[in-house]
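I opened the model to look up how its sheet is ordered and what packs on it. My entries follow.

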Amino acid sequence: MGLVAIVYFPYALATPKGATAAAHAWAHSCRWLLRVMLDLRTEVRGEIPTGEVLIAAKHQSFLDIIVIFSVMPRPKFIMKRELLWTPFLGQYTWRMGCIPVNRGRRAEAIRKMVADVQAGRSLPGQLVIYPQGTRVPPGVKAPYKVGAAALYQELKQPCVPAATNVGLFWPKRGILRKPGLAVVEFLPPIPPGLTSAALMTRLEREIEAASDRLAAEAKAQGS
């Protein structure tokens, strides 16, 4: 990460496109190294979002961020504010237009997200939010939070759910990485116009069912 950040620094300083190019290069190199060194293959299924959409993704480990970032033209993430102080990562995500939020103050964080969108401070692209707000290991249930619904109502854009099984191979904690096929799957988009409650019910049902299916598939293959 540090090497890529240094090489791309002049380009990233000149334009946010440079920061995005650096992140793409890093994400692709990570996927290649995982395959070559650990036999950990990554696959993306479904139609990859390319327009102005909201993506509500299952979050199991840092690997799903890498995979999602590698395939979308202009992704930008809702991320916890503490990451801004992470060397290289924080500076580049800020330059790309990612939106930091204070997770400890949920109501304030939601208002800040919506305000940033309204003010145009968030650059055009695919806005990615993790509706559970944190990494959740496979098989563990955690509530879906209302931030995704707030952005959905404000943006009035399609919302694309995304499921994954990457936590089976790259866990939330620890350094162990397992060989196998880690999948991120983009599900059919949900059109704008639903109520917040209807959206959240549908997101949880579709993401959890698809993630459980991907986990069962991986386990059937011996992963």
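Which residue in strand 6 is the bridge partner of A56? I find that A56 is bridged to P161 there, where strands and helices are DSSP runs (E, at least two residues; H or I, at least four) numbered from the N terminus. This is a predicted model, in which local features need pLDDT of at least 70 and side-chain atom pairs count only at pLDDT 80 or more, while totals for chains, interfaces and linings use all residues. Residues are numbered from 1 along each chain as its sequence is written, and side-chain values use heavy atoms, with hydrogens and water left out.

I looked next at the pairing of strand 2 (residues 54–57) with strand 6 (residues 159–164), which is parallel over four bridges; two strands pair if DSSP finds at least two bridges between them.

For the whole sheet I noted an open arrangement of seven strands in the order 1-7-6-2-5-3-4, with mixed pairing. Strand 1 (40–45) and strand 4 (99–101) are at the edges with a single partner strand each, so one side of each has no neighbour in the sheet.

Turning to helix 7 (residues 196–220), I recorded 25 residues and a reach of 36 Å from first C-alpha to last, close to the 36 Å expected at 1.5 Å a residue, the expected span being 1.5 Å times one less than the number of residues. Its buried residues (under 20% relative accessible area, 1.4 Å probe, protein chains only) include L199, L203, I207 and L214. The buried residues of helix 7 pack against strand 1, strand 2, helix 6, strand 6 and strand 7, contact meaning heavy atoms within 4.5 Å. Just after helix 7, G222 has a positive phi of about 90 degrees.

Note on methods:
Buried < 20%, exposed > 50% of the residue type's maximum accessible area, 1.4 Å probe, protein only.
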